Amino acid sequence: MLSKLNIKQAKEGLRKKEFSSVELTRACLDRIKQTDEKLNVFVTLTEKEAIEQAKKADSDLALQGETLEAKLLLGIPIAIKDNFSTLGIRTTASAKVLDDYIPPFDSTVVKKLKEAGAVILGKTNMDAWAHGSSTEASDYGSTRNPWNIKHLPGGSSGGSAASIAANQCIGAIGSETAGSIRQPASWCGVVGLKPTYGRVSRFGVVAMGSSFDSPGSITKTVYDSALILEVLAGNDEMDATTTPKVVPSYTQALTYKKSDFIIGVSDEYFIDGIDPEVEEKVKEAIVKLEKMGAKLKKIKLFDPKYAIDVYTIIQRSEVSSNLARYDGIRYGNDRSFFADEAKRRIMFGTHALSSGYYDQYYNKASKVRSVIIEDFKKAFEKVDVIIAPTSPSLALPVGATKDQAMFGELSDVLVEPSSIAGLSGINLPVGLSDSSLPIGMQIIGPQFAEEKVLQIAYLYEQGTQTEEWRKREPEL
Amino acid sequence: MKFDVTHVAKLANLTLSSGEKKKFEKQLQETVEYIEELDEIDVKDIEPTSQVTGLENVLREDEVKPSLSQEDALKNAKSTYNGFFKVKGILDSE
């Protein structure tokens, strides 16, 4: 099955002419058709456009030489979260307010993917407006976890994570505000990279929490994450928060064989109520890294529970502002089309920003945000990275989030602090539970330390390549 | 403190049914109470952060550059008139 390939393998096969991009793209489309009735990954499938892009890629591939070198994703079928604007292709953010919205422009991420020669398969399901951690808050029905379709894939980039786990695509794009890449990657057993805030442009991404939003990738391997970041990272005049820092070659960084890292481990991140299998597998993974040469150091971090409060206040405030633009006049439907979760978040944010409450909520939360940033800064004076579980639980069953106004925040407690501080981070699968659900660990690095995060992730991935669980795959 | 859902819905331009009001009031009240634990943190002498990577005053030249055509800008509008967005009257003085 060609769609099983990762990006590196697919590039190799295309280069050696073992198959064409059209064949590879058709294989993905076939797999989508075979599995998507069960999984509900795609909100919009762009079959016709994908085949056209693949044909174009095949003619570029025939040229070989420089074109091939410059176009890092030439002919590679990619699935894109539905909050990235795509020129001429419906972009809903899984929200009925945008049910018929067709953007007249590409987001910077999509523009860069196209320039790199990628083939876009379609738009993946998410929690509406990226508000949630399950895809159950999608206005188009929840996506299912490929490992067990009675369970949720996580979210909000749950469609992209499920698509990778089910081998419907070769690479996928997600976005994270606080956990929306790492947590679904954890629940689906795939690699999810959340870059530093400002490393990848937010231009054209349906705005959610503007001081957190970080576009990134969901992939089958660490190498693929590095490759996609190399394509996406960089300064963008359309997003003033993007850093002017130069973009290193992240794939090149993986070839430096470095293993003398200091890994910080904090008891605060093995919280009460954590699933015992998650705790066990992540602790085992840390010991494996120690055997590979890393040094471990116990550190004490600020209790992540306060991150929930900070995030709830700031994110909902930003949501109320960002979602004020949806008036149904210029595009999309009017405000009566908002579903419950969006209404709750808009109203909470409106309340927090309303007259008389600013100091009590937004200003206070922004100060505690400074405390969290400072806490990480101090930690990174002593350690290179911090390792912790990504999610305190395994993928939860369908229906778990119903009327749980704080569900997402509780489920994202271990990823919110690093998002609040704008740090880099990655989820790596480390094994399966007895019930055959994936378990993930996260590696958190300082801002703009993606190279280091990827190097350690790569070291772990390569060092555990022969583990039995890696041979297993979802039965669909 | 009680969450005033009617007042907030009006500010946010959301129309809620009475059933929704009841449901959201309860849920949002719970959220308000949940985040009260933030009071445990002492933030005396701490400056708030809004931009996490520390960029400041990012400016660009004020130049005219290509942008959406009028046609593209209007393409998604439900109602247009002579190349403009058509909106409902907002003043009801007549």
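1. Where in chain A does A:Ser94 lie? It's in the loop between β2 (77–81) and α5 (108–115). Keep in mind that this is a predicted model. The reason I'd look at A:Ser94 at all is its backbone: phi is positive, about 55°, although the residue is not a glycine. A:Ser94 is also buried, with 34 other C-beta atoms within 10 Å; the cut-off for that label is 20 or more.

2. A:Ala130 is another one to click on. Its phi is near 70°, again a positive value in a residue other than glycine. Which loop holds A:Ala130? That would be the loop between β3 and α6 of chain A. Buried or exposed? A:Ala130 is buried, since 31 other C-beta atoms sit within 10 Å and 20 are enough to count.

3. Staying with the β3–α6 loop, have a look at the peptide bond between A:Gly155 and A:Ser156. That bond is cis, with omega at about 10°. A:Ser156 lies in the loop that runs from β3 (119–124) to α6 (158–165), and A:Ala130 lies in the loop between β3 and α6 as well.

4. On to chain B. What is its make-up? Chain B has three helices and two strands, and reading along the sequence you get α-α-α-β-β. The radius of gyration of chain B is 23 Å, whereas the globule rule gives 12 Å for 94 residues, so chain B is more spread out than a compact globule.

5. Some further numbers for chain B: the C-alpha trace spans about 55 × 45 × 25 Å along its principal axes. Of the 94 residues in chain B, 15% are buried.

6. Now the contact between the chains. How many residues of chain A are in contact with chain B? On the chain A side there are 45, and they meet 38 residues of chain B. Three helices of chain A, α11 (305–322), α12 (340–353) and α13 (359–382), each supply at least two residues of the side that touches chain B. The largest share of that side comes from α13(A), with 10 residues.

7. As for the chemistry of the side of chain A that touches chain B, the split by class is 20 nonpolar, 16 polar and nine charged residues. If you plan to put a size on the contact, bear in mind that the size of an interface is often given as the accessible area lost when the parts come together. What I've quoted here for chains A and B are residue counts, 45 and 38.

How values were computed
Residues numbered from 1 in each chain as written. Chains lettered and ligands numbered in written order. Predicted model: local features only at pLDDT ≥ 70, side-chain atom pairs only at ≥ 80, totals over all residues. Helix = DSSP H or I, 4+ residues; strand = E, 2+ residues; numbered from the N terminus. Buried ≥ 20, exposed ≤ 12 C-beta atoms within 10 Å, placed from the backbone. Rg over C-alpha atoms; globule rule 2.2 N^0.38 Å. Contact = placed C-beta atoms within 7 Å. Nonpolar A, V, L, I, M, F, W, Y, C, P; charged D, E, K, R; others polar.
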